[in-house]
Amino acid sequence: PLQAVIFDLDGVIADTAVVHRAAWERLAREIGAPFDEDIAARMKGVDRRGSLDILLERAPRAYGEQEKCELEARKNGYYVERIESFGPDQLLPGARDAVESVRAAGLRIGLASASRNAPLLLERLGIAPLFDYIVDAARIERSKPDPEIFLAAAAGLGVPPEACLGVEDAAAGVDSIHAAGMVAIGMGRREDLGEADIVLPGLIALRIADFVDNKNGATA
Ligand code: G6P
Ligand code: MG
């Protein structure tokens, strides 16, 4: 039976996928690296170093470790500058209701975001207390699509992975959910989320009752 729902944050709950993208795009411009839709899509859901490595694949020169750290810090500065002024208005439509309806259905709620800024962002959005367990991104070694982060969320919630639903807006995230043995709900467009078990335009369309069987617990 379904026992928990594990959410991604950027692009699922918060309108921040575009903010990450804009910050990377600015950095790309500054170092003369190309930036296009394909690069942006591949970066989605991927951790900070993984994203930088994608950006640098076609950079005009190679960068050493110390320089990479400097570039990451610069991008993060652009990102944090924007989210410092965020509030509940930057929740995506239906996000708060969706999380509350999951709780009302008696399920546990986890967060599996690769972002080290997730605690700051949840605080700004005013929804931090709704989560039973938030994965510490700094302790995750293998970026999505590896299952590590969703498995860590299930373990933190004390729930077996097969009793969890994962919610993601990125292809790498959907693959991570599946590798963890969970059902994947994709948020966005089917063409970006081909492997997802179900695709919804956003959390506003999530009806958790569709996944919970009142007699047996779950159908998912
Ligand atoms: C999430 C976002 C990515 C971002 C990553 C790391 O996965 O979808 O766009 O690159 O987190 O975020 P951070 O805030 O730690 O740089
Ligand atoms: Mg995301």
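In which sense do strand S5 (residues 183-187) and S6 pair, and over how many bridges? The close-ups below, taken from a predicted model, start with the sheet and then turn to this pair.

**View 1. Six strands form an open sheet.** The strand order is S3-S2-S1-S4-S5-S6. Pairing is parallel. Strand S3 (133-134) and strand S6 (198-200) are the edge strands. Each of these two pairs on one side only. Strands of a sheet pair through backbone hydrogen bonds, either parallel or antiparallel.

**View 2. Strand S5 meets S6.** The two strands pair in the parallel sense, over three bridges. Look for glycine 186: opposite it stands valine 199 in S6.

**View 3. Strand S4 (residues 164-168) pairs with S5.** This pairing is also parallel. It runs over four bridges. Find glycine 166, whose bridge partner in S5 is alanine 184.

**View 4. A helix links into the picture as part of a β-α-β unit.** The unit consists of S4, helix H8 (residues 171-179) and S5. Its hand is right-handed.

**View 5. Strand S5 in its surroundings.** Is S5 largely enclosed or open? Four of its five residues are buried, so S5 is largely enclosed by the rest of the structure. A residue counts as buried if 20 or more other C-beta atoms lie within 10 Å of its own.

Note on methods: Residues numbered from 1 in each chain as written. Chains lettered and ligands numbered in written order. Predicted model: local features only at pLDDT ≥ 70, side-chain atom pairs only at ≥ 80, totals over all residues. Pairing = 2+ DSSP bridges. Buried ≥ 20, exposed ≤ 12 C-beta atoms within 10 Å, placed from the backbone. Right-handed = clockwise from strand over helix to strand, strands pointing away.
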